[in-house]
Amino acid sequence: CVEARFLSYDMEGREVCVYFVPLSETSTEVIEVFDAETENPLDMQVAGWQAIIDNYALYCTSSK
């Protein structure tokens, strides 16, 4: 099994990069870098991406 430490993808000409930085055996920092689009304010875009990461963290830590 190979752990993903970096993902990147293209979203309609905008690049998104996601870095997974191990902090300990049970903790990982997720850093997301994206090319902003021009239709919405940057703070709204940042909040949207943060909501995605927050929901992912909730999914990862919830009992299944």
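The largest nonpolar core of this predicted model is made up of 5 residues, Val16, Val18, Phe20, Phe34 and Trp49; a nonpolar core is a set of buried Ala, Val, Leu, Ile, Met, Phe, Trp, Tyr and Cys residues joined through side-chain atoms within 4.5 Å, and buried means under 20% relative accessible area, exposed over 50%, and partly exposed in between, with a 1.4 Å probe and protein chains only. Strand β2 supplies the largest share of this core, 3 residues. In soluble globular proteins, nonpolar side chains tend to be buried together.

Because the model is predicted, local features need pLDDT of at least 70 and side-chain atom pairs count only at pLDDT 80 or more, while totals for chains, interfaces and linings use all residues. Residues are numbered from 1 along each chain as its sequence is written, and side-chain values use heavy atoms, with hydrogens and water left out.

The sheet comes next. Its 3 strands form an open, antiparallel arrangement in the order β1-β2-β3, where strands (E, at least two residues) and helices (H or I, at least four) are DSSP runs numbered from the N terminus, and two strands pair if DSSP finds at least two bridges between them. The edge strands, each pairing on one side only, are β1 (6-11) and β3 (28-34), and the twist averages 15° from one strand to the next. Helix α1, residues 42-61, packs on this sheet and touches β1, β2 and β3, its direction making about 145° with that of β3; contact means heavy atoms within 4.5 Å, and such angles run from 0 to 180 degrees between N-to-C directions, with axes fitted as lines to C-alpha atoms, for helices over the stretch in contact.

Along the chain, β1 and β2 form a hairpin with 2 residues between them, and Glu12 in the turn has a positive phi of about 55°. These two strands are joined by 6 bridges, and Phe6 has Tyr19 as its bridge partner in β2. On the other side, β2 and β3 pair over 7 bridges and form a hairpin with 5 residues between them, with Tyr19 opposite Ile31 in β3.

Strand β3 also holds Glu32, which is buried yet has no salt bridge, the nearest side chain of opposite charge being that of Arg14, 10 Å away; a salt bridge is a side-chain nitrogen of Lys or Arg within 4 Å of a carboxyl oxygen of Asp or Glu, and Lys and Arg count as positive and Asp and Glu as negative, with His and the chain ends not counted. Leaving out residues up to four places away in sequence, Glu32 touches Tyr9, Val16, Cys17, Val18, Trp49 and Ile53.
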